[in-house]
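Here is a short briefing to read alongside the model. Please have the sequence and the 3D view open as you go.

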Amino acid sequence: MWYFLISNSDSYIEIQGSYDRVRKIFFSDQREPIENLELTAIAQEGLTKKILLEVDYLRDLIMGGIPVFSARFKEVIQPHLNGEMDFVPCRVFAQNESYLFYAVRINTIMPIIDYEKSGHRELARGGTIIDPPIIIKEDIDPNFLIVRDSKYTSHLAVSNILKELIEKGNLKVGFYRD
């Protein structure tokens with residue numbers, strides 16, 4: 001079973017930097033080097049110190065949905081990974097303080113959305129895009145922990161195994177399935 005991640009409505013951030021460069025690092029099929037890379041992000045209004053100290057998953061609004069996880073998440077989950085994620089330090093600034101999180105590059109990229117069963121929306125300029133309900137394929141290899149969709153790169157899914165690790169670690173990450 002596979003799940004999408006969901007964040008608290010007050011858990012949005014804006015990663016700073018060159019849009020093209022950041023998207024190339026996190027969404028390209030080419031593995032751009034990330035050594036010595038550190039990102040910064042600005043917390044959206046409503047993302048308080050209290051929330052930042054408790055939450056383990058933030059969602060970026062500007063760069064197209066880069067997942068950002070807490071240091072707790074990294075500590076609990078990284079030992080179980082087999083190169084599926086790269087963690088990039090990301091300082092989140094809120095109310096004149098900074099908090100260490102990690103922007104994540106997902107290295108397993110494949111079609112994970114059932115495009116036939118999922119909803120679609122017509123664009124004003126022509127064409128269509130995926131729209132809720134977004135249905136996850138049932139035939140994704142269960143040995144992966146996390147995968148990114150190859151067509152709609154802002155969509156990622158986590159396996160039941162990763163969901164259980166997150167829950168066992170008492171990490172504050174939400175899940176849903178359409």
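The notes below cover the barrel, the open sheet and a surface patch.

This is a predicted model, in which local features need pLDDT of at least 70, side-chain atom pairs count only at pLDDT 80 or more, and totals for chains, interfaces and linings use all residues. Residues are numbered from 1 along each chain as its sequence is written, and side-chain values use heavy atoms, leaving out hydrogens and water.

**Barrel**
- Six strands, in the order 2-3-6-7-5-4, close into a barrel with mixed pairing (strands are DSSP runs of E, at least two residues, numbered from the N terminus; two strands pair if DSSP finds at least two bridges between them).
- Strand 4 (residues 57-60) pairs with strand 5 (residues 67-70) over three bridges in the antiparallel sense.
- Within strand 5, Pro 67 is the bridge partner of Arg 59.

**Open sheet**
- The order 8-11-12-1-13 describes an open sheet of five strands, again with mixed pairing.
- Strand 8 (109-110) and strand 13 (174-176) are at the edges with a single partner strand each, so one side of each has no neighbour in the sheet.
- Strand 1 (residues 2-6) runs antiparallel to strand 12 (residues 156-159), joined by two bridges.
- Tyr 3 has Val 158 in strand 12 as its bridge partner.

**Surface**
- Ile 62 lies in the loop between strand 4 and strand 5.
- With a relative accessible area of 41%, Ile 62 is partly exposed (between buried, under 20%, and exposed, over 50%, using a 1.4 Å probe and protein chains only).

Definitions and conventions:
Helix = DSSP H or I, 4+ residues; strand = E, 2+ residues; numbered from the N terminus.
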